[in-house]
Amino acid sequence: MSRKRLIKTDRFLILIAGILFAGISLAVVAIDAVPAWKNYQSEFRYLATEIVGEEDAARIPSGIQQIWVEDLDRVDRCITCHQGIFWPGFERAEQPYSTHPDMGLFDTHPASEYGCTICHGGQGYAVDLEAAHGFSKHWEEPLLSGIVASDYNLNDKNAMIEINCNACHRYERQTAGMPYINLAKDLIQEKACWGCHVINGYGGAIGPDLSDIGDRHAEGYDWSNFAGFASIFNWHMQHFDEPAAIVPETVMPKMGLQTRDRHAMSMLMLSWREENLPVKYIPGFVRKEMLYAHEDERREELLSGDGAFFIEKGCFGCHSVQAYGIKSPTEKGPDLTFAVDDVHVRFRQSLQEFIFDPSQSGTMSIIFSSKVILSDEEKWQLIDILTKANHKYKSDQPESGK
Ligand code: HEC
Ligand code: HEC
Ligand code: HEC
Ligand code: HEC
Ligand code: HEC
């Protein structure tokens with residue numbers, strides 16, 4: 001036998017061995033990998049026999065189950081494992097077998113038109129547990145479940161679902177079943193965040209437009225002053241607690257928000273995503289924020305007339321001006337209604353001197369030199385408005401001492 005031939009035979013043998021080995025491995029994997037969903041299905045059938053009887057249990061479909069929602073471009077296979085979701089009687093069964101805890105939601109959001117992931121997140125197409133619940137690397141929308149909630153110390157394990165509810169319900173002022181989002185919407189009005197930010201297409205320009213903030217990727221945030229478990233949700237949590245600790249040069253005021261407020265507000269921020277849903281999925285078909293009448297009036301009042309100056313320039317972030325009905329969320333500075341007289345007392349200067357040279361006040365010299373640069377014309381306008389505010393206040397007072 002020549003050497004060449006020998007080598008060839010060897011190769012042939014190695015090839016055979018290789019094929020055999022691969023075949024055996026595959027067989028082993030196949031035996032090992034009865035997909036988990038099959039096990040859940042047989043377990044469910046067993047459970048159903050006990051709960052609803054053999055006859056009904058026999059109606060349970062087997063194989064991969066799915067809800068295809070063409071309008072939302074989703075194929076949700078969650079019910080492959082969650083087989084009891086539409087079956088009354090399984091309320092107390094463990095997951096993945098239980099009846100949906102809020103069946104009423106399907107009256108307004110029929111499963112055939114909504115599927116599951118539009119509310120829950122997760123990866124609808126997958127039938128493997130980790131992947132379906134969205135905890136795989138390449139999926140950006142994990143199931144908003146107890147795991148996510150506990151990451152953020154939320155007691156209500158399903159609270160985070162509200163982020164997805166509000167992607168559709170964003171224009172509604174309040175919506176039943178969304179306590180966190182409703183709280184956040186109250187706070188937006190109470191603190192008049194729209195004075196500095198465009199929100200739902202409306203508002204001031206001192207801070208960034210928040211309309212689609214929920215779409216922003218992590219790279220779009222400044223992490224240099226952030227500490228702890230880095231996630232966009234946590235960034236908002238910390239920024240709402242103390243904006244200047246995260247963005248040192250910010251004029252966004254610290255607003256004394258409690259933990260629950262900040263949870264609610266951070267959820268609201270994540271819910272504001274660019275809307276690209278078919279019309280029928282937006283309640284009311286009105287793409288405008290609906291406000292209570294008194295809130296609409298308040299906005300109108302704040303934005304017309306002389307008081308508008310303090311909203312447009314962001315002064316209201318720190319100063320109330322009660323003569324114009326402006327209430328600051330923080331009241332870090334004094335009420336400007338009294339500035340005309342008060343600067344004399346406080347700084348031994350006239351208002352005019354103070355506005356043109358605020359060096360006596362550390363805070364205001366920083367603000368006037370770097371945050372809010374006023375032209376000379378605007379400074380005169382400001383002096384005029386502040387003088388009028390004081391007169392207005394005095395003439396609004398019921399006459400006393402007569
Ligand atoms: C492979 C089977 C399987 C698939 C597919 C599956 N699940 Fe689950 N699901 C489970 C099991 C098992 C549990 C209970 C254990 C756990 O939470 O990991 C569960 C638990 C849950 C819970 C409760 C979590 C909590 O916080 O306690 C929710 C909600 C849920 N699934 C929703 C979904 C949605 C939505 C989908 C589709 C995107 C889905 N599941 C797809 C098996 C599955
Ligand atoms: C309209 C939004 C919406 C849709 C659509 C929806 N769910 Fe839910 N789901 C919720 C909410 C809200 C809860 C929490 C309700 C509660 O705790 O009362 C919930 C709870 C659950 C739970 C229990 C979680 C737990 O805490 O143990 C499971 C499992 C679940 N849903 C699965 C599904 C599956 C599977 C589908 C698709 C067939 C689906 N859901 C469709 C909103 C939705
Ligand atoms: C994909 C969009 C979408 C999602 C997600 C969604 N909803 Fe809705 N919801 C609607 C539409 C559309 C209606 C029907 C409104 C109508 O009949 O005009 C509706 C109706 C309702 C209603 C009845 C009256 C009303 O206020 O309009 C409630 C309450 C409600 N949804 C709560 C929720 C909750 C809670 C969640 C999250 C668990 C949720 N929705 C998720 C689109 C959605
Ligand atoms: C006095 C003006 C002012 C007020 C009032 C204000 N903000 Fe801001 N906000 C800013 C400025 C300026 C920034 C940009 C610097 C920063 O990130 O802090 C900002 C940043 C933000 C960001 C981060 C946005 C981004 O693009 O990084 C969010 C979210 C936000 N504000 C939400 C709110 C909410 C909600 C309220 C009301 C509770 C509010 N702001 C009130 C001025 C304000
Ligand atoms: C970040 C908070 C902050 C912002 C924003 C701010 N101020 Fe002030 N302002 C203060 C503080 C605090 C004082 C009190 C003086 C001090 O402690 O230095 C003050 C004092 C003043 C005074 C003197 C009032 C008095 O009664 O003595 C005037 C006038 C004034 N600010 C005008 C403005 C105007 C106009 C704007 C908007 C362009 C503005 N401020 C924005 C914090 C702020």
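Reader: How many residues of the shell around ligand 1 are nonpolar, polar and charged?

Author: Happy to start there! This is a predicted model, and 26 residues stand around ligand 1. Sorted by type, that shell divides into 11 nonpolar, 11 polar and 4 charged.

Reader: Which element gives the largest share of the shell around ligand 1?

Author: Let's look at the candidates. Two or more residues each come from helix H2 (36-52), helix H6 (117-120) and helix H7 (129-132). The largest share is 3 residues, and the element that gives it is H2.

Reader: Which residues come nearest to ligand 1?

Author: Five of the 26 are worth finding on the structure above. The ones that come nearest are Cys78, Cys81, Gly122, Ser145 and Gly146.

Reader: Where is the cis peptide bond, and what is its omega?

Author: Follow the loop between strand E2 (74-76) and helix H4 (105-108), where Pro96 is found. The cis bond joins Gln95 and Pro96, with omega at about 10°.

Reader: Is Asn153 buried or exposed?

Author: First find the residue in the loop between helix H8 (146-151) and helix H9 (161-169). Asn153 is not a glycine, yet its phi is positive, about 55°. A residue with 12 or fewer C-beta neighbours inside 10 Å is exposed. Asn153 has 9, so it counts as exposed.

Reader: And what about Glu331, with 13 other C-beta atoms within 10 Å: how does it count?

Author: Glu331 sits in the loop between helix H15 (308-312) and helix H16 (339-347). Its phi is positive too, near 50°, and Glu331 is a residue other than glycine. Buried takes 20 or more neighbours and exposed 12 or fewer. Because Glu331 has 13, it is partly exposed.

Notes. Residues numbered from 1 in each chain as written. Chains lettered and ligands numbered in written order. Predicted model: local features only at pLDDT ≥ 70, side-chain atom pairs only at ≥ 80, totals over all residues. Near = placed C-beta within 6 Å. Helix = DSSP H or I, 4+ residues; strand = E, 2+ residues; numbered from the N terminus. Nonpolar A, V, L, I, M, F, W, Y, C, P; charged D, E, K, R; others polar.
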